[in-house]
Amino acid sequence: MTVLLLGATSDIAIALARQFGSKGHDLQLAGRDGEQLHILGNDTKIRYNVSVDVLELDALNFESHQSLYSSLAKKPDIAILIFGYLGDHEKAIHDWSEAERILNTNYVGAVSIMNVIANDFENRKSGVIVGISSVAGDRGRMSNYLYGSAKAGLTAYLSGLRNRLFHSGVHVLTVKPGFVRTKMTEGLKLPPLVTADPEQVAKKIYSAIEKKKNAIYVLPVWAILMLLIRSIPEFVFKKMKL
């Protein structure tokens, strides 16, 4: 099978490329950094003896998404949306350009490319779509509600897409990793007990695809934590500083 990784230079994507490559899957690596993509592509090709194609993807260039996908000589069997942008929340509160980038990268750009893929998979009546969302979308918090609201939208989109595509034999998986040790979170103080490594995320995604899971938290503890956070009454929650 052929796996398309959208946002293929992130730490999670690199782990996914190695996970799927080690299982003999051909890869299509899409992202903005052409140099890094070719380095990853060559390494994966040599390491696992699989076919690897590299293509440039700009999440914010919505008009290019259809032509980019149409240009693929071979359409993927599995498409995994990985790209995202945490951004600077304090800056985004006052600077619309930062807020716009957070919202467009995490939601609008994601929906734009996945709509294209979903239509193809629906016509073919097969395929797997994986979207990496976030626990930040489970409830809005003052510290990151712009990012969280975009991820909440993405989670709802994936739920609706799963409902739609089930009837065509296409499976949609929602992944909520929680904290992950990556370049995006570098410098943040992450609690070790609730923080995963990219390799853990990749293995969980691979397993969830095999088992046809609908939605997963990479670390089970997050399911408990978010259940507790969602259960706090709003009149109490609004007074908290989270």
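**Exercise 1. Decide whether T105 is buried or exposed, and describe its surroundings.**

*Step 1.* Let's start with the accessibility: T105 counts as buried because its relative accessibility is 9%, where buried means under 20% relative accessible area, exposed over 50% and partly exposed in between, with a 1.4 Å probe and protein chains only. This is a predicted model, in which local features need pLDDT of at least 70 and side-chain atom pairs count only at pLDDT 80 or more, while totals for chains, interfaces and linings use all residues. Residues are numbered from 1 along each chain as its sequence is written, and side-chain values use heavy atoms, with hydrogens and water left out.

*Step 2.* Next, place the residue: T105 sits in helix 5 (residues 96-124). Helices here are DSSP runs of H or I with at least four residues, strands are runs of E with at least two, and both are numbered from the N terminus.

*Step 3.* Now look at the side chain of T105, which has a polar atom 2.8 Å from the backbone oxygen of R101.

*Step 4.* Finally, list the contacts (heavy atoms within 4.5 Å). Neighbours within four places in sequence aside, T105 meets L60, F83, G84, Y85 and A110.

**Exercise 2. Find which residues touch the most other members of the largest nonpolar core, then follow I205.**

*Step 1.* A nonpolar core is a set of buried Ala, Val, Leu, Ile, Met, Phe, Trp, Tyr and Cys residues joined through side-chain atoms within 4.5 Å. The largest one holds 38 residues, and L5, L16, F20, L29, I80 and I205 touch the most other members.

*Step 2.* Not counting residues up to four places away in sequence, I205 touches L16, I80, V130, I132, L173 and V175.

*Step 3.* Another core, of 28 residues, lies apart from the largest one; A59, L68, Y157 and V170 are among its members.

**Exercise 3. Characterise the largest cavity: what is its volume, and which residues line it?**

*Step 1.* On a 1 Å grid over the protein atoms alone, a cavity is a set of points where a 1.4 Å probe fits but cannot get out; lining residues have an atom within 4 Å of a point. Searching the whole structure gives one cavity of 30 Å³ or more.

*Step 2.* The largest cavity has about 40 Å³ of space, a volume being the space filled by probe spheres set on the points, which are joined across faces, edges and corners.

*Step 3.* Its lining consists of L4, L6, A30, L55, L68, Y69, L72 and I113. Strand 1 (2-6) and helix 3 (65-70) are the elements that give two or more residues to this lining.

Methods. 1 Å grid on protein atoms, 1.4 Å probe; cavity = no way out; pocket = protein on both sides within 12 Å on 5 of 7 lines; lining within 4 Å. Polar contact = N/O pair within 3.5 Å; in protein donor to acceptor, adjacent residues only side chain to side chain.
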